[in-house]
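Please work through the following exercises with the sequence and the 3D structure at hand. Each task is followed by a solution in steps.

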Amino acid sequence: MWVVFETVNDGRSVIYLPFDNLKNYMQVHFGKNREIAKVIRIMGKNLNSTYENPIKIKISSSLKEKLLIKETLKYRLIVKENSIIIGPVIGFLLGSHNNLYSPIHMEKYSDRFGIYDKVGGLIYAFSPNTVDWENRKIYGLYYNINNLKWEYGVFPFPDVVYRRNFHSSNLIIKRLRLELNDRVFNSHRFNKYELYEFLRKDDYFKRYLPLTKISNEENVIFMLEGFEKVIFKPIDLSRGRGILIAEREGDKVKIYDYRKKEDSILKIEKNVFMNFLKENKLLSDKYLVQQYIKLKKYKDCFLILEL
């Protein structure tokens with residue numbers, strides 16, 4: 001059910017719940033934090049809660065501080081056997097430059113919260129350098145849905161981590177995977193070709209994939225013979241960086257070069273095109289040559305295929 005918390009001043013670990021048949025003491029879960037709490041049963045609550053109309057649950061100040069619960073958020077609460085589970089608690093792993101992460105910097109991630117009313121809970125961002133392994137706390141910023149702002153805080157280890165940045169040490173990732181029972185999304189970063197090879201093993205996905213090959217002389221010749229237009233992509237970059245498009249026009253090749261700040265278009269003879277690729281280091285296992293797919297628009301924006 002959907003709940004919000006109201007703190008009562010009490011030095012004991014206490015939670016007030018509107019359920020029958022509860023034990024006097026139960027283990028309360030919040031992220032990876034655990035605390036045995038006294039359960040006080042209250043009556044008269046409508047259990048048909050929604051995100052818009054959550055049930056107000058009282059919790060002692062002591063229990064809130066031990067679990068590191070943020071009172072300003074809306075949560076899901078589940079009673080399961082001898083446990084009370086509050087969440088979800090989701091960690092958003094950024095890069096190691098924690099000095100750069102401020103509420104202003106984090107504003108660009110706010111559009112991720114369009115479905116918060118379906119998820120709820122505590123969602124916070126952190127750096128590998130802000131994990132206090134000894135005391136099992138993480139310092140970072142959380143999204144306060146009440147004022148739509150990012151705020152600094154101290155948090156429990158999360159239920160799950162989404163890895164946003166790939167410059168973190170693999171040792172940190174392994175340690176997080178161990179702590180979270182392997183619940184780290186993006187724990188391994190596929191490059192474009194690895195992902196293509198993985199997806200094309202599935203008959204359903206294979207139908208929708210543009211033909212993709214490592215950019216060497218043999219493969220480029222094959223692709224240009226088969227397609228009027230091909231695209232060269234760096235195997236590891238994203239967001240359209242480092243792209244070059246080649247289009248056959250009779251005995252010439254028209255090149256659309258987007259690798260630098262200023263885009264350029266040029267035409268060269270077919271017989272010197274391979275030399276152009278070699279000089280620009282585009283014949284390399286760090287580049288892909290791919291069947292060009294015409295981009296579609298959605299709400300006046302181009303949809304870019306990253307494979």
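**Exercise 1.** State how much surface the protein exposes and what share of it carbon and sulfur atoms supply.

*Solution.* The protein exposes about 18200 Å², an area from the Shrake-Rupley method with a 1.4 Å probe. Carbon and sulfur atoms supply 50% of this surface. The model is predicted: local features need pLDDT of at least 70, side-chain atom pairs count only at pLDDT 80 or more, and totals for chains, interfaces and linings use all residues. Residues are numbered from 1 along each chain as its sequence is written, and side-chain values use heavy atoms, without hydrogens and water.

**Exercise 2.** Determine whether the protein is a compact globule or more spread out.

*Solution.* Begin with the elements: there are 8 helices and 21 strands, taken as DSSP runs (helices H or I, at least four residues; strands E, at least two). The radius of gyration is 26 Å, well over the 19 Å that the globule rule gives for 307 residues, so the protein is more spread out than a compact globule. That radius is taken over C-alpha atoms, and the rule is 2.2 Å times the number of residues to the power 0.38. Next, the C-alpha trace spans about 85 × 40 × 35 Å along its principal axes.

**Exercise 3.** Describe the surroundings of L22, and decide whether L22 is buried or exposed.

*Solution.* First, locate L22 in the loop between β2 (14–17) and β3 (25–30). With a relative accessible area of 12%, L22 is buried (under 20%; exposed is over 50%). Beyond its neighbours within four places in sequence, L22 is in contact with L17, V39, R41 and V79 (heavy atoms within 4.5 Å).

Definitions and conventions
Buried < 20%, exposed > 50% of the residue type's maximum accessible area, 1.4 Å probe, protein only.
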